[in-house]
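Visitor: I'm new to this one and would rather see a little of it well than all of it in a blur. Please choose a single part and walk me through it closely, along with whatever surrounds it.

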Amino acid sequence: MGKIKVTDIDKGWKKLVSDLRKLKNAPYAKVGLVGPTAGATHEENSGGESLTVATIGMIHEYGSESRNIPERSFIRGPLEANQENLRSFIKKLSFNLASQKMDVAQALGLLGLEGVRIIKKAITVDRIKPSLDPKTVKAKTRAGKKGDTPLVDTGQMQNSVRHQVMLSGKDEE
């Protein structure tokens, strides 16, 4: 019998396996008030306190009884409300990963950008509930500000909503 020659032509399997092994380290995308802008001092703090953008964001996200501020979840709420859309988006990204149209960093970057888009849309278009108290609107008017949309005053917090891709699965990146 003659010898049979087998030629293994790798059409991307090795790269896919390598990318999947990287997932073992649990890379992820952070979305919200992350990065240097989150640690910046908020432009306008009531009472002269020096609070960071992240602290102001946390107060609004969870509410504050002592400050009489109701919960206005602008991160968790919109992302939870868009779970089905995000699942569909992740399926598309997974397909693109499997077919080598993008790598893990690109896929997580796009997922992070989608999360940022959802959050910013919730703040500006959908308007986070509950509405501002009429007393708050009057106080803003007296201070020379316009608008009755919660979480929109200087725009600093909204502009601080970002994403970060964490490839190693650790926060130290």
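Guide: A helix here is a DSSP run of H or I at least four residues long, a strand is a run of E at least two long, and both are numbered from the N terminus. With that in hand, let's settle on helix H7, which covers residues 156-159. Before we go in, bear in mind that this is a predicted model, where local features need pLDDT of at least 70 and side-chain atom pairs count only at pLDDT 80 or more, while totals for chains, interfaces and linings use all residues. Residues are numbered from 1 along each chain as its sequence is written, and side-chain values use heavy atoms, with hydrogens and water left out.

First, the setting. The protein chain has seven helices and two strands, and from the N terminus on they run α-β-α-α-α-α-α-α-β. Of its 173 residues, 31% are buried (under 20% relative accessible area with a 1.4 Å probe and protein chains only; exposed is over 50%, partly exposed in between). Among contacts (heavy atoms within 4.5 Å) between residues at least 6 apart in sequence, 61% join residues at least 24 apart.

Now come up to H7 through the loop that leads from H6, where Thr 154 sits. Thr 154 counts as partly exposed because its relative accessibility is 29%. Take its C-alpha and that of His 42: in sequence the two residues are 112 apart, yet in space the gap is 9.3 Å.

That same stretch around His 42 turns up again once you step into the helix. Gln 156 belongs to H7, and it counts as buried because its relative accessibility is 14%. Set aside its neighbours within four places in sequence, and the contacts of Gln 156 are Ala 40, Thr 41, His 42, Glu 43 and Val 53.

Val 53 is a handy signpost, for it is one of the buried residues of H2, along with Ile 56, Gly 57, Ile 59, His 60 and Glu 61. Those buried residues pack against H7, and also against S1 and helix H3 (76-81). Just after H2 comes Gly 63, with a positive phi near 85 degrees.

Back in H7, look at Gln 158. Gln 158 is buried too, because its relative accessible area is 17%. Again leaving out neighbours within four places, Gln 158 touches Lys 120, Ile 123, Thr 124 and Val 152.

Ile 123 is worth following from the other side. Beyond its own neighbours within four places, Ile 123 is in contact with Gln 158, as well as Phe 74, Ile 128, Thr 149, Pro 150, Leu 151 and Val 152. Several of those names lead into the largest nonpolar core (buried Ala, Val, Leu, Ile, Met, Phe, Trp, Tyr and Cys residues joined through side-chain atoms within 4.5 Å). This core has 16 residues, and the ones touching the most other members are Leu 33, Phe 74, Ile 119, Ile 123, Ile 128, Leu 151 and Met 157. H2 and helix H5 (104-126) are the elements that give it two or more residues, with the largest share, four residues, coming from H5. A further core of six residues lies apart from this one, and includes Leu 93, Leu 97, Met 102 and Leu 108.

Finally, there's some open space to look at. The largest pocket holds about 960 Å³, and of the 33 residues lining it, His 60, Ile 69, Leu 132, Thr 136 and Asp 153 are closest to its centre. A pocket is an open set of points on a 1 Å grid over the protein atoms alone, where a 1.4 Å probe fits and protein lies on both sides within 12 Å along at least five of seven lines; lining residues have an atom within 4 Å of a point. Its volume is the space filled by probe spheres set on the points, which are joined across faces, edges and corners.

H7 has a hand in that lining: H7, H2 and H6 (134-142) each supply at least two residues. The largest share, four residues, comes from H6. H2 also lines the second largest pocket, of about 160 Å³, and there H2 gives the largest share, five residues. Among the lining residues of that second pocket are Gly 57 and Glu 61, which you met earlier as buried residues of H2.
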